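Let's take a friendly walk through this structure together. Have a look at the chain and its fold, and we will begin with one small detail.

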Amino acid sequence: MRADFIPDGDTLRLKDGRWVRLWGLDAPEVGHGQKKGSCAGEVSRRALKRQVTGKDLYLQSEGKDRYGRLLARIYLENGLCVNEEMIRLGMAWVFFHGKPDETLLRWMGLQEVSVRSRSGFWAQIPDNPFPVIGNRRSHRFHHAECPLAQKISPRNRIRFSSYVKAFMAGYAPARECIPDPVCPQGL
């Protein structure tokens, strides 16, 4: 099967009309209508498009998400896992769906290398000195001043000194708190 449409760096539509959400990762937002996106979102979308356009895709289903999209690992004919490649290239971050398994822990190692080498959009994400608050249950983080951070139960709350520290610990930003990348001209 082949991709028909790629709206962002973690979702695609197949030619048969099915929507697929790449399992185990999340990507920066792309603007749609009134929804604000970021330059990192567009960079991520283009990276996914380059990997899958015109190629036969093989899916390993991991169920469905709350929007009815198929959650899947996507493989190319040569065996390359697109999900893993997006993380390795610095075009997506690991996102735990429940308890991390062996695959996600391995992908965390790839993410760590990508962050440290400032690959992909990591070169645009500032390692701010501002604290963020993570939720141990959801593995999401918020800006410390975000009202939603204050609603996290104290037993589930964990404090990180920066975005990068939270990402390195396997936490992903809540939609309301995605860090604004420093966008170079031309992106």
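Just after helix H1, Gly54 has a positive phi of about 75°. Helices here are DSSP runs of H or I with at least four residues, strands are runs of E with at least two, and both are numbered from the N terminus. Keep in mind that this is a predicted model, in which local features need pLDDT of at least 70, side-chain atom pairs count only at pLDDT 80 or more, and totals for chains, interfaces and linings use all residues. Residues are numbered from 1 along each chain as its sequence is written, and side-chain values use heavy atoms, leaving out hydrogens and water.

Now step back to H1 itself, residues 39–52. The expected span of a helix is 1.5 Å times one less than its number of residues, so the 14 residues of H1 should span 20 Å, and its end C-alpha atoms are indeed 20 Å apart. Ten of these 14 residues are buried (under 20% relative accessible area, with a 1.4 Å probe and protein chains only), including Cys39, Val43 and Leu48. What do the buried residues of H1 pack against? Their partners include strand S1 (3–8), strand S5 (57–64) and helix H2 (82–88), where contact means heavy atoms within 4.5 Å.

Elsewhere, four strands make an open sheet of mixed pairing, in the order S10-S8-S9-S11. Its edge strands, S10 (157–160) and S11 (172–173), each pair on one side only; two strands pair if DSSP finds at least two bridges between them. S8 (residues 132–135) runs antiparallel to S10, joined by four bridges, and Gly134 stands opposite Ile158 in S10.

Technical notes: Buried < 20%, exposed > 50% of the residue type's maximum accessible area, 1.4 Å probe, protein only.
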